[in-house]
Amino acid sequence: MEGSEATCDFAEKLEKVFSGTFTSLGIITGLEVGLFDILSNFKESKSYIEIAEKGGLKPRYVKELLGCMTSAGIVKIDPENEKYYLPENHRKFFDKSKSESYIVQYMELLPTLCTLREKVAKCYPIDGPKGVSPEQYKCFASHMSKVSAVYVNHQLISYIDQVEGLTHMLESGVECLDLACGTGHTTVIMAERFLHSNFIGGDFMAEQLSVGRDIANSRNLTNITLQQLNVENLPQEWTERFDFVLCHYAIHDLERKD
């Protein structure tokens with residue numbers, strides 16, 4: 001069967017995918033070596049040598065990376081003096097305290113996913129492994145929690161407010177469960193906002209839960225409990241216990257989504 005688009009159009013699409021992949025890797029490298037932080041702190045355009053000196057980096061490597069970022073339109077160059085700058089309206093996307101940064105923070109997951117790609121590919125054949133153990137995804141899960149925290153911090157309560165009757169219910173005092181809560185940022189935000197409700201946050205990674213406990217303790221929250229658990233094997237006594245259950249970024253990873 002023939003597709004509706006011309007062969008040349010499909011080839012162009014593949015080229016963009018290919019080019020975008022390398023641009024993403026360049027952005028990840030820039031984040032890792034602090035390139036975007038350096039550029040964001042400059043008030044005016046700078047040469048690649050000045051940028052390298054500021055970050056304690058090798059000029060040759062910085063020049064190559066800036067070339068990649070300039071070609072992709074991420075960084076701009078002044079053609080008159082060949083000096084580089086990060087446009088003001090681009091900077092918030094590289095500031096990890098801003099919600100807009102979730103896009104580039106998701107890019108940082110690519111190296112971890114690449115290390116797991118072969119293991120996932122082996123699961124495809126009928127006689128292949130059932131899946132990849134969650135233990136293999138610890139680095140991925142830890143980073144996802146950080147990205148989620150940035151985005152959720154800005155959006156969660158507004159989402160709750162959009163669900164008819166949910167804000168009133170949580171304000172009145174109910175039992176709530178936050179499944180696959182990671183570092184517990186969502187649990188903490190809800191517990192802090194709805195003090196009359198009780199919240200249990202559960203995740204399979206004990207290391208992440210300890211982060212959430214520290215945050216909850218620093219804010220003197222007494223209506224929150226974070227505990228290690230298997231989302232696919234919850235305690236039988238929890239049946240019909242909770243009035244509100246939240247689960248995000250996890251349901252699609254479960255063997256049986258029902």
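**Exercise 1. Asn-220 and Glu-82**

Task: Decide whether Asn-220 is buried or exposed in this predicted model. Then do likewise for Glu-82.

Solution.
Step 1. Read the accessibility of Asn-220. Its relative value is 67%.
Step 2. Apply the cut-off. Exposed means over 50%, so Asn-220 counts as exposed.
Step 3. Place the residue in the chain. Asn-220 sits in the loop between H11 and E5.
Step 4. Check the backbone. Asn-220 is not a glycine, yet its phi is positive, about 55°.
Step 5. Turn to Glu-82. Its relative accessible area is 57%, so Glu-82 is exposed.
Step 6. Place Glu-82. It lies in the loop between strand E1 (76-78) and strand E2 (83-85). Its phi is near 55°, again a positive value in a residue other than glycine.

**Exercise 2. Two loop residues and their distant partners**

Task: Find which loops hold Gly-73 and Asp-95. Classify both by accessibility. Then give one C-alpha separation for Gly-73 and one for Asp-95.

Solution.
Step 1. Locate Gly-73. It is in the loop between helix H4 (59-71) and E1.
Step 2. Classify Gly-73. Its relative accessible area is 24%. Partly exposed runs between the 20% and 50% limits, so Gly-73 is partly exposed.
Step 3. Look along the chain. Thr-23 is 50 residues from Gly-73, and their C-alpha atoms are separated by 10.0 Å.
Step 4. Locate Asp-95. It belongs to the loop between helix H5 (88-91) and H6.
Step 5. Classify Asp-95. At 29% relative accessibility, Asp-95 is partly exposed.
Step 6. Look along the chain again. Ser-40 is 55 residues from Asp-95, with 8.8 Å between the C-alpha atoms.

**Exercise 3. Aromatic pairs**

Task: State how many aromatic pairs the structure holds. Then work out why the pair of Trp-238 and Phe-242 has its label.

Solution.
Step 1. Count. The structure holds 4 aromatic pairs.
Step 2. Take one of them, Tyr-102 and Tyr-106. The centres are 5.9 Å apart and the planes stand at 90°, an edge-to-face pair.
Step 3. Relate this pair to the helix. Tyr-102 and Tyr-106 are 4 residues apart in helix H6 (residues 102-107), so about one helical turn separates them.
Step 4. Check exposure. Tyr-102 is partly exposed at 30%, and Tyr-106 is partly exposed at 27%.
Step 5. Now take Trp-238 and Phe-242. Their ring centres are 5.3 Å apart, with the planes at 85°. Planes over 60 degrees apart count as edge-to-face, so this pair is edge-to-face.
Step 6. Check exposure here too. Trp-238 is buried at 10%. Phe-242 is buried at 15%.

**Exercise 4. The nonpolar cores**

Task: Identify which residues touch the most other members of the largest nonpolar core. Then find which element gives the most to this core.

Solution.
Step 1. Take the size. The largest nonpolar core has 22 residues.
Step 2. Name the best-connected members. Leu-156, Ile-160, Leu-170, Met-190, Ile-224 and Phe-244 touch the most other members.
Step 3. List the elements. Helix H8 (138-162), helix H9 (166-172), H10, helix H11 (206-218), strand E5 (224-228) and strand E6 (244-247) give two or more residues to this core.
Step 4. Pick the top contributor. H10 gives the most, with 4 residues.
Step 5. Zoom in on Ile-224. Beyond its neighbours within four places in sequence, Ile-224 contacts Thr-187, Val-188, Ala-191, Phe-199 and Ala-216.
Step 6. Note the second core. It is separate and has 21 residues, including Leu-31, Leu-39, Tyr-84 and Met-107.

**Exercise 5. A buried threonine**

Task: Decide whether Thr-183 is buried or exposed, and list its contacts beyond four places in sequence.

Solution.
Step 1. Place Thr-183. It is in the loop between strand E3 (175-179) and helix H10 (185-193).
Step 2. Classify. The relative accessible area is 9%. Buried means under 20%, so Thr-183 is buried.
Step 3. List the contacts. Setting aside neighbours within four places, Thr-183 is in contact with Ser-145, Gln-208, Val-211 and Gly-212.

**Exercise 6. The largest pocket**

Task: Describe the largest pocket by volume, lining and residue class.

Solution.
Step 1. Give the volume. It is about 1100 Å³.
Step 2. Describe the lining. It has 35 residues, of which Pro-134, Phe-204, Ala-250, Asp-253 and Leu-254 lie nearest the pocket's centre.
Step 3. Trace the elements. H8 and H10 each supply at least two lining residues. H8 gives the largest share, 6 residues.
Step 4. Sort by class. The lining has 17 nonpolar, 12 polar and 6 charged residues.

Terms used:
Residues numbered from 1 in each chain as written. Predicted model: local features only at pLDDT ≥ 70, side-chain atom pairs only at ≥ 80, totals over all residues. Heavy atoms only, no water. Buried < 20%, exposed > 50% of the residue type's maximum accessible area, 1.4 Å probe, protein only. Contact = heavy atoms within 4.5 Å. Phe/Tyr/Trp six-rings, centres within 6.5 Å; stacked < 30°, edge-to-face > 60°. Core = buried A, V, L, I, M, F, W, Y, C linked by side-chain atoms within 4.5 Å. 1 Å grid on protein atoms, 1.4 Å probe; cavity = no way out; pocket = protein on both sides within 12 Å on 5 of 7 lines; lining within 4 Å. Points joined across faces, edges and corners; volume = space filled by probe spheres on them. Nonpolar A, V, L, I, M, F, W, Y, C, P; charged D, E, K, R; others polar.
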